[in-house]
Amino acid sequence: MHKSYTACTTSSSLCSMSRPYEYLTEDCVKGRLTWNKAIVAAERALKGLATGEARQTRRVKLQLGESPNFIFIMCGYLRDCDYGGLVSLSVTKFVGNRSLQPPLPIVHSDVALMDENTGVTKAVIPGRDLTKWVIPSVSVVATKYLHGETGGTLAIIGAGNQGRLHAIALQGHFHFSKVRVWNRTASKAEDLVNELNREVEGSPFATAASVEECVTGADVIVTATNSSQTLVQGSWIKKGAHINGRFFTNARMSQHITSSNWG
């Protein structure tokens, strides 16, 4: 039987149960996440990496025998009175979970928050929403410093979870006059655009019929797809455009963006 945890009922509760550390439920995490705080935290962390106030390990992956299941772990430390902490992130992927009764998500993640002086675990925090919000928050900070605070046109390639969260975070911070969304399945892009236009005054979101139409003339581009095919030609990107490349290493980015004639 899979153990479940009860969501908090009061804003002051940390959703704890009788254990030597606090356990925050998914609902508690969602109730505490805001884009302003997430973006400030991302900015503090990036600044910490630049100044030596932050440390982060490489991702360590353990494959479970011959199965496709695995776990990976990353650790990090930030010295900051408001957003600092000592943490370890663990992520597991068990492909057979979808066949269980009842089915479980394939991917699970948790963040352990430890006391900086003793190393004792203080809290365990579900990582699903935290990890989803980290990447768009970092993209906002990168865009702010590498491109500037101006609006203009935003292009989103991919209408999945990361495409959606990037659209919300970037539009909420920069207030682009136009936001174009492309997805291989056009109906998915249409659904996302309709959802976002209902929530944002001025209806700035629109679908693009092709990747070229999506990125041409865009000031900021987000690639939120794990496609292995080349999607963007360098000649489509205007000079000075900023690209937030989700899912990519430098090698994979080169597969998606042909650099000839770029700028």
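## Exercises on loops, salt bridges and a surface patch

P102 sits in the loop that runs between β5 (85-93) and β6 (107-114), where strands (E, at least two residues) and helices (H or I, at least four residues) are DSSP runs numbered from the N terminus. The model is predicted, so that local features need pLDDT of at least 70 and side-chain atom pairs count only at pLDDT 80 or more, while totals for chains, interfaces and linings use all residues. Residues are numbered from 1 along each chain as its sequence is written, and side-chain values use heavy atoms, with hydrogens and water left out.

**Exercise 1.** Determine the geometry of the peptide bond from Q101 to P102.

*Solution.* Read omega for this bond, which is near -5°. The peptide bond from Q101 to P102 is therefore assigned as cis.

**Exercise 2.** Examine the phi angle of H175 and classify the accessibility of this residue.

*Solution.* First, locate H175 in the loop between α4 (161-174) and β9 (178-182). Next, take its phi, which is positive at about 55° although H175 is not a glycine. Finally, apply the accessibility classes, in which buried means under 20% relative accessible area, exposed over 50%, and partly exposed in between (1.4 Å probe, protein chains only). H175 is exposed because its relative accessible area is 59%.

**Exercise 3.** Describe the salt bridge between R44 and D82, and place both partners in the chain.

*Solution.* Begin with the criterion, a side-chain nitrogen of Lys or Arg within 4 Å of a carboxyl oxygen of Asp or Glu. The side chains of R44 and D82 satisfy it with an N to O distance of 3.8 Å. R44 belongs to helix α2 and D82 to the loop between β4 (70-78) and β5, so the pair ties together parts that are 38 residues apart in sequence. Salt bridges with shared partners join R44, D80 and D82 into one network. As for accessibility, R44 is partly exposed at 30%, whereas D82 is exposed at 55%.

**Exercise 4.** Identify the residues of the nonpolar surface patch and the helices that supply them.

*Solution.* Patches take residues with over 30% relative accessible area and no salt bridge, joining like charges within 9 Å and nonpolar side chains (Val, Leu, Ile, Met, Phe, Trp, Tyr) within 5 Å. The patch consists of L46, L49, V134 and V138, which together have about 300 Å² of accessible area, computed by the Shrake-Rupley method with a 1.4 Å probe, where for residues only the protein chains shown count as cover. Helices α2 (35-51) and α3 (128-146) each contribute at least two of the patch residues. V134, which lies in helix α3, is partly exposed because its relative accessibility is 48%.
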